[in-house]
Amino acid sequence: MGKTYKIACIPGDGIGIEVIAASIKVLAVLQPLFDFKFEYTDLPWSSEYYRKNGRYMPPLPEALATLRKHDAIFFGAVGDPDIPDHISLWELLLPIRQGLQLGSNVRPSKIFKGVKPPLAGCEVGDLDWLILRENCEGEYCGQGGRSHTGTPYALGTELAVFTRFGIERHMRYAFELARQRPRKLLTLVTKSNAMRHGMVLWDETFYDVAKDYPDVKWDKMLVDAVTIRMVLKPKSMDVILCTNLHGDILSDLAAALSGSIGIAPSANVDPERKAPGLFEPVHGAAFDIMGKGIANPIATFWSAAEMLRWLGEAKAADGLMSAIEHVLEHGPITGDLGGKANTEQVTQAVISALKQ
């Protein structure tokens, strides 16, 4: 038997519970085929845990110590319609990202055969992007405050923090990934014309880092102009390097342009590999379809493939991606992609493709 990996499993909320369960079925079939083993630790950290305990997870030092005992974290979703979003997000996912210093959020987007994209004339191969979102700093660093609450003079501040260390760590990882791709092309996304301090540091750091990667071609665009380019000239882009907020927004646009957010994966990683990576679908808890059995599990399957690749199981990752591509091309597919299949039917189709 090959290597055994310890996986911390956090299904979380909403359809996260359903798609993680579906993915574990797929991974159970995959393990003997590619000679590796997953040992799961189920962690019930969720909105239900919050209701019972007044927190989403144990105190942060204890929670991080638990997670560090594992090779990877498989995450479903967090969020509940009865709990304000800033509480659910800041009580679970963001503290894990920042506490483990998972400085880069990797979000692939591509058009698959069988998936009809909304862009007229955009075909397979025209849109194949890797969005690299800085994951610990920027606008989501948590700095700021409120005063005069409840009065007409209420004030709220949100401070975007950029450090040379965090920027350079993320940018070097982006260049390394761009170097591995056939086009070796990277686009720097910025807004340094208006944000004249932190984002000027962002640009300056990029110019310094780029000198160490002469084999990677690059260009630079303001974030507002990039949205136009993504829609009108998708073939002109490959690796897209963004700050935290910009990457959050642009990756959702990329998911929509590639056919559905239901197929969009993500990997939260420490480029220095000092902590386990966290792998999750982009779609969130989607409480409107929870319990109906119709959630698209493909984003979570693709996230699982990214987890396998991060762990060094490239052949297993390729095998899972081949099965995903087969099902997307030949069906069955869920309603968000124009089909009528449910979660279980897609799961069984991927399993069947793996066994072929």
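Buried means under 20% relative accessible area and exposed means over 50%, with partly exposed in between. Keep those cut-offs handy as you work through this predicted model.

**Exercise 1. Classify D82, D80 and R51 by their accessibility, then find how they are connected.**

Step 1. Start with D82: its relative accessibility is 65%, so D82 counts as exposed.

Step 2. D80 has a relative accessible area of 8%, so D80 is buried.

Step 3. R51 comes in at 43%, which means that R51 is partly exposed.

Step 4. Now look for contacts. The side chains of R51 and D80 form a salt bridge, with 2.8 Å from N to O. This contact links distant parts of the chain, as R51 sits in helix α2 (residues 47-53) and D80 in the loop between β3 (72-77) and α4, 29 residues apart.

Step 5. R51 also forms a salt bridge with D82, where the closest N and O atoms are 3.9 Å apart. To check that this pair qualifies, recall that the nitrogen must lie within 4 Å of the carboxyl oxygen. Here too distant parts of the chain are linked: D82 belongs to the loop between β3 and α4, R51 to helix α2, and they are 31 residues apart.

**Exercise 2. Work out whether the length of helix α4 fits its number of residues, and describe what happens along the helix.**

Step 1. Helix α4 covers residues 85-99, which makes 15 residues.

Step 2. At 1.5 Å a residue, the expected span is 21 Å. The multiplier is one less than the number of residues.

Step 3. The end C-alpha atoms of α4 are 20 Å apart, so the model agrees with the expectation.

Step 4. Follow the axis of α4 and you will find a kink of about 40° at E91, shortly before the proline P95.

Step 5. Next, pick out the buried residues of α4: S88, L92, L93, L94, P95, I96 and R97.

Step 6. Just past the helix, look at the backbone: α4 is followed by Q101, which has a positive phi near 55°.

**Exercise 3. Find the salt-bridge partner of R97 and say whether the two residues are buried or exposed.**

Step 1. The partner is E280, whose side chain meets that of R97 at 3.0 Å, N to O.

Step 2. Place both residues: E280 is in strand β12 (residues 277-281) and R97 in helix α4, so this pair links distant parts of the chain, 183 residues apart.

Step 3. E280 has a relative accessible area of 6%, so E280 is buried. R97, at 5%, counts as buried too.

Step 4. To finish, widen the view. Salt bridges with shared partners join R164, E168, R172, D208, K211 and D212 into one network. The model's count comes to 20 salt bridges.

Note on methods. Residues are numbered from 1 along each chain as its sequence is written. This is a predicted model: local features need pLDDT of at least 70, side-chain atom pairs count only at pLDDT 80 or more; totals for chains, interfaces and linings use all residues. Side-chain values use heavy atoms; hydrogens and water are left out. Helices (H or I, at least four residues) and strands (E, at least two) are DSSP runs, numbered from the N terminus. The bend at a residue is the angle between axes fitted to the seven residues ending there and the seven starting there. Buried means under 20% relative accessible area, exposed over 50%, partly exposed in between (1.4 Å probe, protein chains only).
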